[in-house]
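Subject: Structure for you to look at

Hi,

Here is the structure I promised to hand over. Please open it next to this email, then read on for what was found.

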Amino acid sequence: YLPPAPADVEQAALGAESAQMPRGFGSILLVEDNAAVRHLTSARLKSLGYTVIEAENARSALEIINSDRPLDLLFTDIVMPGGMDGRELATRARKRHPDLRILLASGYSDLARSAASNEPFEVLSKPYGKQELAQRIHAALNRPRAAP
């Protein structure tokens, strides 16, 4: 029963939300076996200013990691089919690129807590919103590089 908001008010509200999200630059390897989640996350990261390289599993991600392609961050799901999970991928990636920043994601809260406490990698729990994604990616990219 309220009149619709003028378009400029709606745009201002959307602009304010975007202005609060940390934006950045850099190249992110996104590894996610669920195509819908991968495409949504990729679109969100691109809208925040990042270059995104997508991989649907750990094997294809390793090909990218072992290439000469520059990477700033590996953002990978922990649970993936195919015999190699995200933690193993992260460990292999770190051996190849000791200064690569890594952020793991998991929809299983127990697994996320366990990984966060037992691994040298940070974990983002699913589901996550764009704001949380923006903050965690920005923080991961601005953390000091890992010691060799």
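Which residues does Thr76 touch, not counting residues up to four places away in sequence? They are Val31, Gly86, Leu89, Leu103, Leu104 and Ala105. Before going further, note that this is a predicted model.

Thr76 sits in strand β3. Its relative accessible area is 1%. The cut-off for buried is under 20%, so Thr76 counts as buried.

**The cavity**

Thr76 also leads to the next find, as one of the residues that line the largest cavity. The structure holds one cavity of 30 Å³ or more. The space in the largest cavity is about 40 Å³. Its lining is made of Leu30, Val31, Glu32, Val37, Thr41, Phe75, Thr76, Asp77, Ala105 and Tyr128. By class, six of these are nonpolar, two are polar and two are charged.

Which elements supply at least two lining residues each? They are β1 (27–31), α2 (35–47) and β3 (73–77). The most comes from β3, which gives three residues.

Two of the contacts of Thr76, Val31 and Ala105, are also in that lining.

**Helix α2**

α2 has 13 residues. From its first C-alpha to its last it reaches 18 Å, close to the 18 Å expected at 1.5 Å a residue. Its buried residues are Arg38, Thr41, Ser42 and Leu45. They cover an arc of only 105° around the axis, so they lie on the same side of α2. In an α-helix, residues three or four places apart point the same way, because there are 3.6 residues a turn.

What covers this buried set? The cover includes β1, β2 (51–55), β3 and α6 (130–142). Thr41 is worth finding on screen: it is buried in α2, and it lines the largest cavity.

**Helix α6**

α6 also has 13 residues. It reaches 18 Å from first C-alpha to last, close to the 18 Å expected at 1.5 Å a residue. Leu133, Ala134, Ile137, Ala140 and Leu141 are buried here. Seen down the axis, they fall within an arc of 140°, so they line one face of α6.

Where does that face pack? The buried residues of α6 pack against β1, α2, β3, β4 (101–106) and β5 (122–125). So α6 helps cover the buried residues of α2, and α2 is among the elements that the buried residues of α6 pack against.

Best wishes

Definitions and conventions: Residues are numbered from 1 along each chain as its sequence is written. This is a predicted model: local features need pLDDT of at least 70, side-chain atom pairs count only at pLDDT 80 or more; totals for chains, interfaces and linings use all residues. Side-chain values use heavy atoms; hydrogens and water are left out. On a 1 Å grid over the protein atoms alone, a cavity is a set of points where a 1.4 Å probe fits but cannot get out, and a pocket is an open set with protein on both sides within 12 Å along at least five of seven lines; lining residues have an atom within 4 Å of a point. Grid points are joined across faces, edges and corners, and a volume is the space filled by probe spheres set on the points. Helices (H or I, at least four residues) and strands (E, at least two) are DSSP runs, numbered from the N terminus. Ala, Val, Leu, Ile, Met, Phe, Trp, Tyr, Cys and Pro count as nonpolar, Asp, Glu, Lys and Arg as charged, and the others, Gly among them, as polar. Buried means under 20% relative accessible area, exposed over 50%, partly exposed in between (1.4 Å probe, protein chains only). Contact means heavy atoms within 4.5 Å. The expected span of a helix is 1.5 Å times one less than its number of residues. The arc is that of the directions from the helix axis to the C-beta atoms.
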